[in-house]
Amino acid sequence: MTTQEAIYSRRAVRDFKDELIPESILHDLIDAAIQAPSAINAQPWAFVVVQDKAILDHISRRTRDLMEAQPMSEELRAKVFKPGWSIFYNATTLIVVCARPEGSHPEWDCCLAAENLLLAARDMAIGGCIIGFAWAALALPDVKELLGIPESYDAVMPIILGYPREFPAPTGRRSPEILSWKVAARA
Ligand SMILES: Cc1cc2nc3c(=O)[nH]c(=O)nc-3n(C[C@H](O)[C@H](O)[C@H](O)COP(=O)(O)O)c2cc1C
């Protein structure tokens with residue numbers, strides 16, 4: 001697969017087979033992630049890998065507890081509080097890209113690493129989806145401790161991964177808003 005093909009066919013995948021991603025492949029994905037650029041080359045990323053359903057269910061439950069009091073549409077409430085629903089869908093793997101407090105913009109660097117990881121995954125026919133829903137639970141001290149995330153680190157990009165039942169078809173994008181495009185007049 002070319003880089004272009006990976007970019008244009010990557011989609012958020014939320015429906016996975018039970019098959020577990022082998023450890024060596026996860027190392028390859030993390031290796032692709034850390035090829036990302038980072039401000040002043042700080043490389044401020046760190047990774048948590050979870051392939052334990054009990055832990056994934058625990059984080060999902062903690063998220064739902066936190067969301068209970070929050071305002072949300074009836075549609076979303078019905079989805080989130082449906083018995084058996086998990087914020088991680090049925091993914092067997094979660095990788096959390098965490099930011100070490102180093103460099104000038106560690107969170108941004110981690111986002112770049114996350115996109116590298118997702119594109120490398122697409123190239124290996126692995127699907128993924130960023131799960132922002134998990135941010136609140138991943139900021140809780142006991143959840144950070146459970147996952148071995150030091151207090152000073154931030155869980156920036158929670159990414160579920162797995163072998164998709166199918167890759168969703170590419171969706172369109174709105175035209176880019178080009179605010180200006182200044183070209184100097186040539187003599
Ligand atoms: C920062 C961020 C947070 C996201 N959080 C969630 C989430 O909590 N749950 C979910 O199902 N999808 C989540 N997504 C996936 C987006 O919904 C998805 O990327 C978007 O709809 C575009 O679809 P595509 O990735 O297939 O192009 C998130 C994506 C980003 C970039």
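Colleague: Is D57 buried, partly exposed or exposed?

Modeller: Keep in mind that this is a predicted model. The relative accessible area of D57 comes to 24%. Buried would mean under 20% and exposed over 50%, so D57 counts as partly exposed.

Colleague: And which residue does D57 meet in a salt bridge?

Modeller: Look along helix α3 (residues 53-67), four residues away, which is about one turn of the helix. The partner there is exposed, with a relative accessible area of 59%. The N to O distance is 2.9 Å, and the side chain that D57 meets belongs to K53.

Colleague: Where does the salt-bridge partner of R62 lie?

Modeller: R62 is in helix α3, and the pair links distant parts of the chain, 80 residues apart. The partner is D142, with the closest N and O atoms 2.4 Å apart. D142 counts as partly exposed at 36% relative accessibility, and R62 does too at 22%. The place you want is helix α7 (residues 141-147).

Colleague: R165 forms a salt bridge as well, so which residue is on the other end?

Modeller: R165 sits in the segment after β4 (154-162), and its partner is in the loop between α1 (3-9) and α2 (23-33), 150 residues apart. That partner counts as partly exposed at 38% relative accessibility. The closest N and O atoms are 3.3 Å apart, and the partner is D15.

Colleague: How many disulfides does the count come to?

Modeller: A disulfide needs two cysteine sulfur atoms within 2.5 Å. For C98, the closest cysteine sulfur is in C110 at 7.5 Å, too far for a bond. For C129, the closest one is in C111 at 14 Å, again too far. The count comes to zero.

Colleague: C129 turns up around the ligand too. How do the residues of that shell divide?

Modeller: Besides C129, the residues around the ligand include I130, I131, F133 and W135, along with R10 and R11. C129 itself counts as buried, at 7% relative accessibility. The shell divides into seven nonpolar, one polar and four charged.

Colleague: What share of the ligand's accessible area does the protein cover?

Modeller: Start with the polar side-chain atoms: one of Y89 lies 2.5 Å from an oxygen atom of the ligand, and one of R14 lies 2.7 Å from a ligand oxygen. An N or O atom in the side chain of R173 is also 2.7 Å from an oxygen atom of the ligand. On its own the ligand has 630 Å² of accessible area, and the protein covers 63%.

Conventions:
Residues are numbered from 1 along each chain as its sequence is written. This is a predicted model: local features need pLDDT of at least 70, side-chain atom pairs count only at pLDDT 80 or more; totals for chains, interfaces and linings use all residues. Side-chain values use heavy atoms; hydrogens and water are left out. A residue is near a molecule or strand if one of its heavy atoms lies within 4 Å of it. A polar contact is a pair of N or O atoms within 3.5 Å; within protein, one must be able to donate a hydrogen and the other to accept it, and residues adjacent in sequence count only if both atoms are side-chain atoms. Accessible areas come from the Shrake-Rupley method with a 1.4 Å probe; for residues, only the protein chains shown count as cover. Ala, Val, Leu, Ile, Met, Phe, Trp, Tyr, Cys and Pro count as nonpolar, Asp, Glu, Lys and Arg as charged, and the others, Gly among them, as polar. Buried means under 20% relative accessible area, exposed over 50%, partly exposed in between (1.4 Å probe, protein chains only). A salt bridge is a side-chain nitrogen of Lys or Arg within 4 Å of a carboxyl oxygen of Asp or Glu. Helices (H or I, at least four residues) and strands (E, at least two) are DSSP runs, numbered from the N terminus.
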